[in-house]
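Me: Please take a close look at a single part of this structure and connect that part with the rest. Keep it plain, with values where they exist.

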Amino acid sequence: DDDDDDDDDDLSGASPRCVAAIGVSPSLPQSQLQIARDVAAHIGIPLWELPTNEGDIPEYVANDGESCAHCKNTLYSTLRAVAAAATDSTAAPSDAQHVVLYNGTNADDLKDPTRLGILAAAHHRVESPACRLDKTRVRRLARAAGLPNWNLAAAPCLRSRLAPGVRATSGQLEAVEAAEAAVRVALNVGPTENMRVRVMSRAGDVALATLELDASRVEEVAVGGHAFDVVSAELGKRGMWLSDVRAFESGSVAKRPVADDDDDDGAFAWSSLFLRFAPSVASFEAPGPLERWDAEQCEIAMAGGEVFVVSFGTTWCGPCHVLEPELETLARFAWEFDDSIAVAKLDAEASPAEAALAGRLGVDAYPTTVWMRGGREAHRVEGALPAAALAQLTASLLMDGEVAEVARVTRPEMFAPTPLEPF
């Protein structure tokens, strides 16, 4: 909540109650920095771009499996120091100042014992409000909020591209960034597609590299083919030799190595500490799962073949207002048993785009609720239905049989005999 100067780098003015912050170093791709700026601008929140110096820490550069912990320790130390300076400079002597740091750790992150930065977050008392939500739910909430990055491919730091033992120097990180940018252009890899240039080892001035792509695209870059030659040439310009092309796997080179003759105690200490770790959770309730879509969000869902229920209505439509709490109940029901099913409302008169979409789908009465699967309409109902009827239709039309049966046993009240006629 900030009505002051919009200059994101000016920390001298009155401190806002909430800001976004990002650590800037050679491990952060410039493309990701720009996305952070775009998201902050979309939200309307100041973004503090803070230089971090993890590259000065020998253990980070050594990249022997614990770099993430050193990086995050540096980041959170920097954030706390800057936040404290900003608040202290503006606080009256009697004001109580308390700065809370939040990160984006989600439930899937907690399953990955290579993410030692989570331990650093615990040490610095960083809150993780999304730690009970998996990545799918986080993306759904981001989509519901209209964030421009909701469907972009994951993009961890550049150091994660380096196999253990490959030194995380600024030059190596910059070479990886340049190589990935060149490959994206050469292969026309979109922002929603996964792609990594992994450095597996180094021999003098040459780095042995592996290219990872989404499985559906691996054959395009078969050894000996034109695309392989093009990519090899691009990597060669950055001091890399392309040795392999394989399907993308998150964190595929991030495993902490343990040699056969090593004492496992150190590795065990890290992993056991990680498994006992419970992140701090700020008071947080996820927003209601009933989403509010515009025409673009609905078009994206249809083009992507997603499974969803969308109800077209208007602000002046009485039955639409009657239907809303029933849709809220349906959304919670779908969220509980199959969170891949989105439930959304769409104001058909919000703009010409929404009106045009309703027209293309043949919606001419309100409310009209449409069940969609794989880009095709499965069913529609004109008028308001009770939540139980909506749930039964959703279970039969969109849910897997086993999931629907679990829902039936768990929530029998939603499957009681109910007229499927609108009221």
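Reply: A residue counts as buried when its relative accessible area is under 20% and as exposed when that area is over 50%, with partly exposed in between. Ser-160, at 14% relative accessibility, is therefore buried. Ser-160 sits in the loop between α5 and α6. Leaving out residues up to four places away in sequence, Ser-160 touches Arg-198 and Val-253.

The model is predicted. It contains 13 helices and 10 strands. Of its 423 residues, 43% are buried. Among contacts with a separation of 6 or more, 71% join residues 24 or more positions apart.

The part chosen for the close look is helix α9, which covers residues 295–303. Its buried residues are Ala-295, Gln-297, Cys-298, Ala-301 and Met-302. Viewed down the helix axis, these buried residues fall within an arc of 165 degrees, so they line one face of α9. A general point of geometry applies here: an α-helix has 3.6 residues a turn, so residues three or four places apart point the same way. On the other side of α9, Glu-296 and Ala-303 are exposed.

Both ends of the helix have local features. At the N-terminal end, Asp-294 acts as a cap, with a side-chain oxygen 3.2 Å from the backbone nitrogen of Glu-296. Just after α9, Gly-305 takes a positive phi of about 70 degrees.

The cover over the buried residues of α9 includes the helices α5 (135–144) and α11 (352–360). It also includes the strands β6 (290–293), β7 (308–313), β8 (342–347) and β9 (368–373). Some of these elements lead to further details.

Take α5 and what follows. Arg-143 lies over the face of Trp-150, at 5.3 Å from the ring centre. On the other side of α5 in sequence, Arg-125 lies in the loop between α4 (117–123) and α5. The phi of Arg-125 is near 55 degrees, a positive value in a residue other than glycine. With a relative accessible area of 58%, Arg-125 is exposed. Asn-63, in the loop between α2 and α3 (67–88), likewise has a phi near 55 degrees. Asn-63 is buried, at 2% relative accessibility. As background, most residues other than glycine have a negative phi, and most peptide bonds are trans.

The loop between α11 and β9 holds Pro-367. The peptide bond from Tyr-366 to Pro-367 is cis, with omega near -5 degrees. Pro-367 and Gly-318 are 49 residues apart in sequence, yet their C-alpha atoms are 9.1 Å apart in space. Gly-318 belongs to helix α10 and, at 41% relative accessibility, counts as partly exposed.

Helix α10 (residues 318–337) also carries Phe-333 and Phe-337, which are 4 residues apart and thus separated by about one helical turn. Both Phe-333 and Phe-337 are buried. A search of the whole structure finds 4 aromatic pairs. Phe-333 and Phe-337 form a tilted pair, 5.3 Å centre to centre with 55 degrees between the planes. Ring pairs link Phe-333, Phe-337 and Phe-415 into a cluster.

Strands β7 (308–313) and β9 (368–373), part of the cover of α9, have a counterpart in the surroundings of Thr-394. This threonine is found in helix α12 (residues 387–398) and is buried, at 0% relative accessibility. Its side chain makes a polar contact of 3.0 Å with the side chain of Trp-371. Beyond four places in sequence, Thr-394 touches Val-309, Leu-330, Ile-341, Trp-371 and Met-399.

Last, the nonpolar cores. The largest nonpolar core has 32 residues, and those with the most contacts inside it are Leu-187, Val-197, Leu-211, Val-221, Leu-235 and Met-240. At least two residues of this core come from each of α2 (58–62), α6 (170–187), β3 (195–203), β4 (206–213), α7 (226–236) and β5 (240–247). Helix α6 gives the most, with 6 residues. Apart from this core lies another of 28 residues, among them Leu-290, Ala-334, Ala-384 and Ala-391.

Key:
Residues are numbered from 1 along each chain as its sequence is written. This is a predicted model: local features need pLDDT of at least 70, side-chain atom pairs count only at pLDDT 80 or more; totals for chains, interfaces and linings use all residues. Side-chain values use heavy atoms; hydrogens and water are left out. Buried means under 20% relative accessible area, exposed over 50%, partly exposed in between (1.4 Å probe, protein chains only). A polar contact is a pair of N or O atoms within 3.5 Å; within protein, one must be able to donate a hydrogen and the other to accept it, and residues adjacent in sequence count only if both atoms are side-chain atoms. Contact means heavy atoms within 4.5 Å. A nonpolar core is a set of buried Ala, Val, Leu, Ile, Met, Phe, Trp, Tyr and Cys residues joined through side-chain atoms within 4.5 Å. The arc is that of the directions from the helix axis to the C-beta atoms. Rings of Phe, Tyr and Trp (its six-membered ring) pair if their centres lie within 6.5 Å; planes under 30 degrees apart count as stacked, over 60 as edge-to-face and the rest as tilted. A charge sits over a ring if NZ of Lys or CZ of Arg is within 6 Å of the ring centre and within 35 degrees of the ring normal.
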